[in-house]
Amino acid sequence: MFYSKERKFFRWFVTLSSIIIIGLFLWNVSIFFDKIKEEERNKMEILGSAYSEISKSNNDDNINDIIVEILSTNSTTPMIVFGVNDESYSSRNIADEEINSPEKKLELIENFKEQYQPIEVYDGDTLVSIVYYGYSDLLIRLKYFPIIIILIILLFLGIIYYFFSTSKSHEQSQLWAGMAKETAHQIGTPLSSLVGWTEILRSENVNPSYLVEIEKDVSRLQTITERFSKIGSLPRLQPTNIIEATQDSYDYLKARTSKLIHFEIKLPQKEIMVDLNEELYSWTIENLVKNAIDALKGKGDIKIEINEETKWVQILISDNGKGIPKSQFKKIFTPGVTSKKRGWGLGLSLAKRIIEIYHEGKIKVLKSELNQGTTFEIKLLKKIETS
């Protein structure tokens, strides 16, 4: 409980700290932006004064070298000077393609008006020209700089979250694997004892039918123990006929299921070899079929079908039960997610681990409709035959 509180406090601390840091950063950028904008405004007012001095000069007068130098200093701010008397335009620091038509000039002027108040140049009391100007490249970059920084920060936080969630998932996986191995170890001791007691009962001339049933249960426990012992370690895969392995799992499940459940199987009449751990594969089929039985609530149809593709073998397990909402298609494979009141939510997560990690295959909900049924799809790579 204390660990959970500490982790919750740490998450809130990181979140609030990130918000404060981003806020301070944006505030400083805003001040910096306004300051540069004001400096550009002052610079343009000086340029406006220079234009005003030029307008006062006669054509025969020599223009003051200082005024010329002032005008030439503007190498960054885009500007359009509109002559009121002759309705002429002159521009500076603007690409020709941006003002090569009257419509483009007017559009650019309207854009400049939104950025800065135009500077009016007078000769005495007479309005001579109007200087329209806008943000320089530096200001434009600075304007979008906070957005870029925020995106970088969000990307950074996303990467941190990804690694955190991956690490957490790995820890959970290790925990489940450890629990599975420990369970197998704990079952192993009484199981060995049961095998010994079976031999003693056989020597005591106990009814053979009793011994057969006991041996079935012992064999079943041995299978379960072997399954759990393989979780968390890399199982051994062997070339196996997937048709025969599926038929064996089908026969086992059908014999131990209520007669109210109607089973159907459709298999190709040929061998299809895959690299398989048969025990883990049968466990996967068993989990999917048990889920289907739960969805049927004791009565309905279950169908197992195998189709051969070019590179893959497709195994379909279908039922006509209550169905799964589309929003849950991926979530149901997450450990701990279950619709059962007493379920642990491990069956489908183990099936996914067995198929995708151990067998490098694929497993998913192929289709499902509420109150119509569900179809799970497993895909395994076919064994490449070498001569």
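In which strand is Thr 375 found? I shall open with that residue, and I should say at once that we are looking at a predicted model. Thr 375 belongs to strand β11, which covers residues 373-381. Is Thr 375 buried or exposed? Its relative accessible area is 7%, and because the cut-off for a buried residue is under 20%, Thr 375 counts as buried. Leaving out residues up to four places away in sequence, Thr 375 touches Leu 316, Ile 317 and Ser 318, together with Lys 364, Val 365, Leu 366 and Lys 367.

Let me now step back to the protein as a whole. Its 387 residues include 34% that are buried, and its secondary structure comprises eight helices and 11 strands. Among contacts with a separation of 6 or more, 67% link residues 24 or more positions apart. The exposed surface comes to about 25400 Å², of which carbon and sulfur atoms supply 56%.

I turn next to the nonpolar cores. Which residues touch the most other members of the largest core? They are Ile 242, Ile 285 and Ile 315, in a core of 35 residues. Helix α7, residues 278-296, contributes six residues to this core, the largest share. Ile 315 deserves a closer look. Setting aside its neighbours within four places in sequence, Ile 315 is in contact with Ile 242 and Ile 285, and also with Tyr 281, Glu 305, Ile 306, Phe 376, Glu 377, Ile 378 and Leu 380. Separate from this core is a second one of 12 residues, including Phe 33, Val 121, Val 131 and Tyr 135.

My last topic is a sheet. In what order do its four strands lie? The order is β2-β1-β4-β3; the sheet is open and the pairing is antiparallel. At the edges are β2, residues 89-92, and β3, residues 119-123, each of which pairs on one side only. On average, neighbouring strands of this sheet are turned by 20° against each other, with direction ignored.

Within the sheet, strand β1, residues 79-83, runs antiparallel to β2, and four bridges join the two. One residue pair may help you to locate them on the screen: Ile 80 has Ser 91 in β2 as its bridge partner. Finally, helix α3, residues 102-115, lies across β1, β2 and β4, the last of these being residues 126-133. The helix runs at about 110° to β1.

Methods
Residues numbered from 1 in each chain as written. Predicted model: local features only at pLDDT ≥ 70, side-chain atom pairs only at ≥ 80, totals over all residues. Heavy atoms only, no water. Pairing = 2+ DSSP bridges. Axes fitted to C-alpha atoms, helices over the stretch in contact; angles between N-to-C directions. Contact = heavy atoms within 4.5 Å. Core = buried A, V, L, I, M, F, W, Y, C linked by side-chain atoms within 4.5 Å. Buried < 20%, exposed > 50% of the residue type's maximum accessible area, 1.4 Å probe, protein only. Areas by Shrake-Rupley, 256 points an atom, 1.4 Å probe, with all protein chains shown as cover.
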